[in-house]
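Here are my notes on the model, point by point. Please read them with the coordinates open.

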Amino acid sequence: MKWKKRFSALAIIGLAILFATVSIAAVDLGTKQPPSQIDPVDFVSVIDNPYFPLTPGTTFIYRGESDGVPTREVMTVTQETKVILGVTTTVVYHLAYEDGVLVEETFDWFAQDVDGNVWYFGEDTKELDENGNVISTAGSWEAGVDGAEAGIIMEANPQIGDRYHQEFYRGEAEDQAKVLELDASKCVRYGCFDNVLVTKEWTRLEPGVVEHKYYAEGVGFIYGVMVKGGEEYIELVRVR
């Protein structure tokens, strides 16, 4: 499970009705499923959800630790776009380092609908060895390809108890989330925030792993911590 996506409930019920067809590939009956059909007219050209804003040209820098190893992640919202299922998505370039060595390079694809929900349309990810050689592309997926479906990475109007799929590609990418809090307070190296959204995130592909993630209004993802399955955390240190 990766921190970047780990950056539908009430806010997408209208879309679910509009699209009529709901995926039969549900993993948990209590989890809202994204519609299996995407209509490009239901999407806008900007991503300004307060908990997940993606302004082209912005770079987020995170630092943390994973089982005693220092980590750094750099997430850049590029000027590039990619059309998926007729929807123009924003391309986010993500680099992950462990102990100063680049270990993962990923392109993520996001788009926002007219109601303000931010959708996750997939990723092209490469795991690298210490010499920069690609050793795995596991976890890569694209909505509409080989049965993969887009999911909701951030709701327009999160409510405590909401559960939703962030992605769905059976056996490769099945992250889910649940809203835990809406008014938490959290300090990270970048600053201190109130009215923070807290989610619980997990995947059935790693049943022993659970993460909590914190999102600040106007900034986005600021902190993540593994609460089950390992010793790992990451926090926002800089935005440029």
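1. Val-44, Val-46 and Val-114 make a nonpolar surface patch of about 220 Å². Patches take residues with over 30% relative accessible area and no salt bridge; like charges are joined within 9 Å, nonpolar side chains (Val, Leu, Ile, Met, Phe, Trp, Tyr) within 5 Å. Areas come from the Shrake-Rupley method with a 1.4 Å probe, and for residues only the protein chains shown count as cover. Val-44 is partly exposed, at 34% relative accessibility (buried is under 20% relative accessible area, exposed over 50%, partly exposed in between; 1.4 Å probe, protein chains only).

2. On the basis of the model: it is predicted, so local features need pLDDT of at least 70 and side-chain atom pairs count only at pLDDT 80 or more, while totals for chains, interfaces and linings use all residues. Residues are numbered from 1 along each chain as its sequence is written, and side-chain values use heavy atoms, with hydrogens and water left out.

3. Val-44 sits in strand β1. Strands are DSSP runs (E, at least two residues), numbered from the N terminus. Strand β1 (residues 43-44) runs antiparallel to β5 (residues 101-113), with 2 bridges joining them; strands pair if DSSP finds at least two bridges between them. Opposite Val-44 in β5 is Gln-112.

4. β5 also pairs with β4 (residues 87-98), antiparallel, through 9 bridges. Val-92 has Asp-108 of β5 as its bridge partner. The β4–β5 hairpin has 2 residues between the strands, and Asp-99 takes a positive phi near 55° there.

5. Another 9 bridges join β5 to β6 (residues 118-128), again antiparallel. Phe-110 is partnered by Tyr-120 in β6. This hairpin has 4 residues between its strands; Gly-116 in the turn has a positive phi of about 105°.

6. Is His-94 of β4 buried or exposed? His-94 is buried, at 2% relative accessible area. Its side chain makes a polar contact of 2.6 Å with that of Glu-73. Such a contact is a pair of N or O atoms within 3.5 Å; within protein, one must be able to donate a hydrogen and the other to accept it, and residues adjacent in sequence count only if both atoms are side-chain atoms.

7. There are 5 salt bridges (a side-chain nitrogen of Lys or Arg within 4 Å of a carboxyl oxygen of Asp or Glu). One of them joins Glu-201 and Lys-213, at 3.8 Å from N to O. That pair links β13 (residues 191-203) and β14 (residues 210-216), 12 residues apart. Both Glu-201 and Lys-213 are buried.
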